[in-house]
Amino acid sequence: MSDYGIILVSHSKNIAQGIYELIQEVAKDVEMTYVGGNPDGGIGTSFDQVQDIIQANPKEKLLAFYDLGSAKMNLDMAIEFSDKEIRLYNVAVVEGTYTAAALLQAGASIDMIEAQLKDMELNK
């Protein structure tokens with residue numbers, strides 16, 4: 001199994017849950033933690049919640065995905081405080097997360113995954 005896990009940050013609980021459910025269909029063995037929405041259950045993101053999903057993921061190497069600006073901002077800050085190796089990707093959240101998870105499940109190398117994600121990069 002891969003040394004890498006996945007973390008996902010979305011502004012919406014339903015989006016995060018939906019992406020997680022989609023990933024479970026193709027990559028049941030990939031360790032994935034996620035958060036959607038703010039602590040009150042509304043739309044938004046929270047630095048503390050992002051830190052929590054990083055710590056909750058049992059992998060020491062993580063591929064990170066997000067949907068919008070403040071999710072990226074909170075990920076950037078949480079990455080600075082984490083001892084884990086975290087690679088943040090600027091890709092469409094559904095397609096990028098799905099691609100990375102499917103490739104991890106298939107046993108692809110990190111170089112192959114990074115090449116696929118580079119082709120999907122957005123100017124965020």
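**Notebook: cores and an aromatic pair**

I started at Ile-113 and listed its contacts: leaving out residues up to four places away in sequence, Ile-113 touches Leu-63, Ala-100, Leu-103, Leu-104 and Ala-108. A reminder to myself: this is a predicted model.

Next I looked up the core around this residue. Ile-113 belongs to the largest nonpolar core, which has 22 residues. Together with Ile-6, Leu-63 and Phe-65, Ile-113 touches the most other members there. I then asked which elements give two or more residues to this core. They are strand E1 (4-10), helix H1 (13-26), E3, H4 and helix H5 (110-119). H4 provides the largest share, 5 residues.

I also checked for a further core. Another one, of 14 residues, lies apart from the largest. Val-9, Leu-62, Ala-64 and Ala-71 are among its members.

Then I turned to the rings. My search of the whole structure came back with 3 aromatic pairs. One that I wrote down joins Phe-65 and Tyr-89, with 5.4 Å centre to centre and 20° between the planes. I noted this pair as stacked, because its planes are under 30 degrees apart.

Where do the two partners sit in the chain? Phe-65 is in strand E3 (residues 61-66), and Tyr-89 is in the loop between strand E4 (85-88) and helix H4 (93-105). The pair thus links distant parts of the chain, 24 residues apart.

Last, I looked up whether these two are buried or exposed. Phe-65 has 0% relative accessibility, so I put it down as buried. Tyr-89 has a relative accessible area of 9% and is buried too, because the cut-off for buried is under 20%.

Definitions and conventions. Residues are numbered from 1 along each chain as its sequence is written. This is a predicted model: local features need pLDDT of at least 70, side-chain atom pairs count only at pLDDT 80 or more; totals for chains, interfaces and linings use all residues. Side-chain values use heavy atoms; hydrogens and water are left out. Rings of Phe, Tyr and Trp (its six-membered ring) pair if their centres lie within 6.5 Å; planes under 30 degrees apart count as stacked, over 60 as edge-to-face and the rest as tilted. Helices (H or I, at least four residues) and strands (E, at least two) are DSSP runs, numbered from the N terminus. Buried means under 20% relative accessible area, exposed over 50%, partly exposed in between (1.4 Å probe, protein chains only). A nonpolar core is a set of buried Ala, Val, Leu, Ile, Met, Phe, Trp, Tyr and Cys residues joined through side-chain atoms within 4.5 Å. Contact means heavy atoms within 4.5 Å.
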